Amino acid sequence: MKTVAFIGLGNMGGPMAANLVTAGFQVRGFDPQEAARQAAETHGVANCASAVEAARDADVVITMLPNGAIVKAVYGDGVLDSVKPGALFIDSSTIDVADARDVAHMVHDKGHRAVDAPVSGGIVGAHNATLTFMVGGSDEAFAAARPVLEAMGKTIVHCGESGTGQAVKMCNNMVLAVSMIAVSEAFVLAENLGVDPQVFFNVASTATASCWALNTNCPVPGPVPTSPANRDFQPGFAGALMSKDLGLAANAIAQTGTDAKMGSLAVEVYRAFAEGEGAGKDFSGIIESIRQGKV
Ligand code: NAD
């Protein structure tokens with residue numbers, strides 16, 4: 001049985017660690033928040049007093065942390081020296097592509113293996129073990145990670161070398177942000193022109209405007225009863241998380257010199273949304289800002 005150290009037992013990490021226990025892994029968890037450790041313990045995750053203790057002689061280390069600086073700090077603080085030789089490091093946090101590549105170098109320098117494996121699917125996917133993992137790393141590291149990731153997800157995609165998992169996730173979310181803004185602007189314009197939103201939806205959702213932002217996460221109440229617009233924009237995918245992911249896109253746009261005007265605009269739009277009343281709302285709540293002329 002493989003021993004897995006799981007570091008970061010928050011909204012995503014807690015249920016992911018529990019699914020590893022269900023799949024038969026021996027899981028040792030750490031989070032600075034006692035409540036998070038205790039919640040994981042009720043699902044069979046051993047409650048460790050530090051990341052180093054969790055990682056001692058582990059075969060696999062999984063991190064699910066808020067940002068790249070924390071991932072680097074955790075790796076650099078003794079964890080890399082505590083594990084079994086050749087251990088596999090899986091970072092599923094959403095972090096900067098450059099940070100993901102730095103982290104992989106840190107791991108490789110100690111003779112271990114690394115993949116970046118950010119996820120989509122949110123908290124529901126974490127609970128139901130239906131996450132999508134976008135994985136960056138060597139063929140060998142990907143093959144080693146696959147059975148571990150399969151215990152927590154449904155779709156596991158090898159994207160290329162280190163950092164490419166983060167790159168794919170970030171590019172996908174940039175499209176999502178731009179498409180949600182475009183869909184919301186179109187609903188408001190249609191309203192202003194006297195069109196019933198349901199009629200616009202009926203046509204656009206089966207025509208060339210069809211996309212996830214419209215067909216599944218529709219920003220007006222009614223056409224898609226399960227979309228957050230029907231429950232006062234409770235997330236879903238919160239504006240604060242969208243803004244965080246777009247901040248990573250902004251870094252990548254600047255570092256690569258990519259001409260991404262729509263993506264860069266979306267960065268600004270969602271930064272303002274998250275700094276205002278949108279932080280805790282679903283990102284489709286951007287339609288309210290557009291309606292009020294606040295974008
Ligand atoms: P969260 O804030 O609920 O959990 C993060 C956990 O990390 C917290 O429990 C915190 O105490 C812990 N932590 C902080 N510093 C630590 C340290 N030094 N050592 C160990 N643990 C530490 O966040 P989350 O929603 O679980 O998200 C985790 C990651 O997953 C983020 O990078 C986020 O962008 C990404 N993500 C989240 C979602 C989502 O829907 N929540 C979806 C996809 C990706």
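**Cores, salt bridges and unusual backbone spots**

Let me start with a small group of charged residues: K72, D99 and D102 are linked in a network of salt bridges. Please keep in mind throughout that what we are looking at is a predicted model. As general background, side chains of opposite charge can pair when their charged atoms come close. In this structure the count of salt bridges comes to 13, and I would like to go through a few of them with you before we turn to the nonpolar cores and the backbone.

Take R291 and E191, whose side chains meet in a salt bridge with a distance of 2.9 Å from N to O. Because R291 lies in helix 13 while E191 lies in helix 8, this pair ties together parts that are 100 residues apart in sequence. As for their surroundings, R291 counts as partly exposed, at 42% relative accessibility, and E191 is also partly exposed, with a relative accessible area of 27%.

Now set beside that the salt bridge between E268 and R271, in which the closest N and O atoms are 3.3 Å apart. Here both residues lie in helix 12, and they are 3 residues apart, which is about one turn of the helix. E268 is partly exposed at 44%, and R271 counts as partly exposed at 35% relative accessibility.

One more pair deserves a look, namely E288 and K281, which form a salt bridge with their closest N and O atoms 2.9 Å apart. Is K281 buried or exposed? K281 has a relative accessible area of 19%, and so it is buried, since the cut-off for that word is under 20%.

Let us move to the nonpolar cores. The largest of them has 35 residues, and the members that touch the most other members are F187, M242, L246, Y270 and I286. Several helices contribute to this core, since helix 8 (164-192), helix 9 (197-204), helix 10 (212-215), helix 11 (239-256), helix 12 (261-275) and helix 13 (286-291) each supply at least two of its residues. Which helix gives the largest share? That is helix 8, with 9 residues.

To see how one member sits among its neighbours, find Y270 in the structure: leaving aside residues up to four places away in sequence, Y270 touches A177, M180, I181, M242, S243, L246, F283 and I286. There is also a second, separate core of 32 residues, and A17, A40, V60 and V148 are among its members.

Finally, I would like to point out some places in the backbone. In general, most residues other than glycine have a negative phi, and most peptide bonds are trans. With that in mind, look at A129, which is not a glycine and yet has a positive phi of about 55°. A129 is found in the loop between helix 6 (122-128) and strand 8 (131-136), and it is partly exposed, with a relative accessible area of 22%.

F233 is not a glycine either, and its phi is positive as well, at about 60°. This residue lies in the loop between helix 10 and helix 11, and at 6% relative accessibility F233 counts as buried.

Where is G236 placed? G236 is in the loop between helix 10 and helix 11, and the peptide bond that leads from P235 to G236 is cis, with omega near 15°.

How values were computed
Residues are numbered from 1 along each chain as its sequence is written. This is a predicted model: local features need pLDDT of at least 70, side-chain atom pairs count only at pLDDT 80 or more; totals for chains, interfaces and linings use all residues. Side-chain values use heavy atoms; hydrogens and water are left out. A nonpolar core is a set of buried Ala, Val, Leu, Ile, Met, Phe, Trp, Tyr and Cys residues joined through side-chain atoms within 4.5 Å. Buried means under 20% relative accessible area, exposed over 50%, partly exposed in between (1.4 Å probe, protein chains only). Helices (H or I, at least four residues) and strands (E, at least two) are DSSP runs, numbered from the N terminus. Contact means heavy atoms within 4.5 Å. A salt bridge is a side-chain nitrogen of Lys or Arg within 4 Å of a carboxyl oxygen of Asp or Glu.
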